[in-house]
Amino acid sequence: MSFDYDKYLRPGKLPHIWCPGCGHGIILKGLLRAIDACELNKDNTAIVSGIGCASRLPGYVDFNTLHTAHGRAAAFATGIKMAKPEMNVLVVGGDGDGVAIGGNHFIHACRRNIDMTYVICNNFIYGMTGGQFSPCTPTGDRASTTPYGNPDPVFDISQLAIGAGATFVARSTSFHAAQIDKLIAEGIRHKGMAVIEILDDCPTTYGRRNKFRSVVDMMKRFKEQAVPVAKAEKMSKEELDGKIVTGILHREERPEYCEQYAQVVKTARSL
């Protein structure tokens with residue numbers, strides 16, 4: 001039986017603005033399947049984004065949604081969760097919005113272990129704002145601001161999240177569509193900061209500059225490079241070079257920030 005996406009979409013908002021072949025549509029469908037699997041109440045769920053192609057996603061869905069300033073999605077989401085801890089708070093954005101201009105907010109949301117789910121659509125580029133290179137553009141690849149190749153080393157978003165203190169971190173790709181909703185659902189159910197990094201395609205501003213002949217070629221790259229985490233644990237560092245480790249990369253239990261803050265307030269009122 002096919003999945004009924006219509007009940008989660010805002011009437012009159014489609015068609016979307018994403019280019020043909022963009023992976024963001026796959027991620028949107030995975031997010032909605034995850035929300036359905038977790039049986040989240042629409043009135044008690046907020047989806048927050050910043051600026052960029054991926055950040056347009058909340059505009060299409062029928063939840064409490066907030067389209068904020070560039071790089072500030074985690075900060076606004078933190079405010080929502082602090083004001084209404086009972087709400088389910090999800091953040092959606094791209095690699096540029098999340099770990100470039102929004103990097104500081106991202107790091108501290110992870111550090112605090114605030115109970116939200118952050119889905120980062122990593123397409124290696126600033127897609128909407130001109131095709132500039134991002135912290136996730138592979139070294140040597142081309143962008144509008146690195147026409148002769150990117151000299152910078154690359155951020156590993158998932159490792160950054162783990163290092164900063166997120167208590168649930170997972171990674172998938174737009175090729176692995178059946179895995180996306182399962183990982184997002186696991187993140188939603190987790191009590192604490194959950195980061196799900198999904199590598200996806202930008203065929204227009206990234207693919208064309210980097211000589212991919214088609215979206216199919218871009219998707220094949222993900223298929224060939226992906227290694228499940230269980231298999232990766234048995235591989236050497238040299239064998240993992242150039243590979244994408246997928247699945248749940250990190251999970252731990254640690255006190256959640258809103259609960260800790262509420263305890264501080266309780267203590268202050270008792271004095």
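**Exercise 1. Start at Lys7: find its accessibility class, then its salt-bridge partner.**

Step 1. Lys7 has 41% relative accessibility, so Lys7 counts as partly exposed. Here buried means under 20% relative accessible area, exposed over 50%, and partly exposed in between (1.4 Å probe, protein chains only).

A quick note on the model: it is predicted, so local features need pLDDT of at least 70 and side-chain atom pairs count only at pLDDT 80 or more, while totals for chains, interfaces and linings use all residues. Residues are numbered from 1 along each chain as its sequence is written, and side-chain values use heavy atoms, with hydrogens and water left out.

Step 2. Lys7 forms a salt bridge with Asp36, with the closest N and O atoms 3.2 Å apart (a side-chain nitrogen of Lys or Arg within 4 Å of a carboxyl oxygen of Asp or Glu).

Step 3. Lys7 sits in the segment before α1 (24-37) and Asp36 in helix α1, 29 residues apart. Helices (H or I, at least four residues) and strands (E, at least two) are DSSP runs, numbered from the N terminus.

Step 4. Asp36 is partly exposed too, at 24%.

**Exercise 2. Classify both partners of the Asp115 and Lys81 salt bridge, and place them in the chain.**

Step 1. The N to O distance is 3.6 Å.

Step 2. Asp115 lies in the loop between α4 (103-112) and β4 (117-122) and Lys81 in helix α2 (residues 73-83), so the pair ties together parts 34 residues apart in sequence.

Step 3. Asp115 is buried at 13%, and Lys81 is buried at 4%.
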